[in-house]
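Q: I would like to learn how to read a fold, from its strands down to a single side chain and an empty space. Could you walk me through one?

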Amino acid sequence: VTHRRNPILQTCIGPGMEHVNMAGICTEASIYSMIERAMPGRLRNVYAHPSGGGKYMVILQIAKKQPSDEGRQRQAALLAFSAFSELKHVILVDEDVDCFDMNDVLWAMNTRFQADRDIITIPGVRCHPLDPSNDPAFSPSICDHGIACKTIFDCTVPYNLKEKFVRA
């Protein structure tokens, strides 16, 4: 064991951006790896947004190349939940949406999303235990601490309507 009078100690103290970025990179890598293995070439980008602490929310940028790709974006979201169990929300966007720019993501949500058909909920599944809303005191639908409802927000254009949604 060694000792210095004025040691320099480097550490990461959460929940700052350093912590969020370190968590987010691992989240993104595990999700990208699983989706790419299952559906090669369809996932363009994964972004674990800092507002989700690098763990609660990701944005997936998906390529739909042919009519049979419709629906695969939702399959990708399910794979993301499998790849990273602490994940709570997945937002799906098309290739022409910059998944790293929340203004662009919210633009897609406002122009390509209808809640009655584009929200998919998966209630009663284990999520991150530090999310304070995952508690029976928060909602009667939550049966135990750490159990939550995972949600997919599909902000992609249906393949057969792509020509009507070309950005100016």
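A: Here is a short walk through this predicted model, going from the whole chain to its details.

Q: Let's start wide: how many helices and strands are there in the chain, and what pattern do they follow along the sequence?
A: A good habit is to list the elements before looking at how they pack. The chain has four helices and five strands, and reading along the sequence gives α-β-β-α-β-α-α-β-β. Its C-alpha atoms fill a box of roughly 70 × 40 × 30 Å along the principal axes. Of the 168 residues, 39% count as buried.

Q: Which strands pair with E2, and in what sense does each pair run?
A: For each neighbour, look at direction and count the bridges. Strand E1 (residues 43-48) pairs with E2 in the antiparallel sense over five bridges, while strand E3 (residues 89-94) runs parallel to E2 and is joined to it by six bridges. Leu-60 is a handy residue to follow: Val-46 is a bridge partner of Leu-60, and in E3 the bridge partner of Leu-60 is Leu-92. E2, helix H2 (residues 72-83) and E3 also make a right-handed β-α-β unit.

Q: Why is E2 described as largely enclosed by the rest of the structure?
A: Here we go residue by residue, taking under 20% relative accessible area as buried. Six of the six residues of E2 (residues 57-62) are buried, so the strand is largely enclosed by the rest of the structure. Both faces are covered: Met-57, Ile-59 and Gln-61 are buried on one side, and Val-58, Leu-60 and Ile-62 on the other.

Q: Is Lys-88 buried or exposed, and what does its side chain contact?
A: For a single residue, combine its place in the chain, its accessibility and its partners. Lys-88 is in the loop between H2 and E3. With a relative accessible area of 14%, Lys-88 falls under the 20% cut-off and therefore counts as buried. Its side chain makes a polar contact with the side chain of Asp-131 at 2.8 Å. Beyond four places in sequence, Lys-88 touches residues including Tyr-56, Phe-81, Cys-127 and Cys-149.

Q: How many cavities of 30 Å³ or more does a search of the whole structure find, and what lines the largest?
A: Rolling a probe the size of a water molecule over the atoms shows where empty space is left. In this model the search finds one cavity of 30 Å³ or more, and the largest cavity holds about 30 Å³ of space. Among the residues lining the largest cavity are Met-39, Arg-42, Ile-62, Asp-69 and Arg-72. H2 gives the most to that lining, with three residues.

Conventions. Residues are numbered from 1 along each chain as its sequence is written. This is a predicted model: local features need pLDDT of at least 70, side-chain atom pairs count only at pLDDT 80 or more; totals for chains, interfaces and linings use all residues. Side-chain values use heavy atoms; hydrogens and water are left out. Buried means under 20% relative accessible area, exposed over 50%, partly exposed in between (1.4 Å probe, protein chains only). Helices (H or I, at least four residues) and strands (E, at least two) are DSSP runs, numbered from the N terminus. Two strands pair if DSSP finds at least two bridges between them. A crossover is right-handed if, with the strands pointing away from the viewer, the path from the first strand over the helix to the second runs clockwise. A polar contact is a pair of N or O atoms within 3.5 Å; within protein, one must be able to donate a hydrogen and the other to accept it, and residues adjacent in sequence count only if both atoms are side-chain atoms. Contact means heavy atoms within 4.5 Å. On a 1 Å grid over the protein atoms alone, a cavity is a set of points where a 1.4 Å probe fits but cannot get out, and a pocket is an open set with protein on both sides within 12 Å along at least five of seven lines; lining residues have an atom within 4 Å of a point. Grid points are joined across faces, edges and corners, and a volume is the space filled by probe spheres set on the points.
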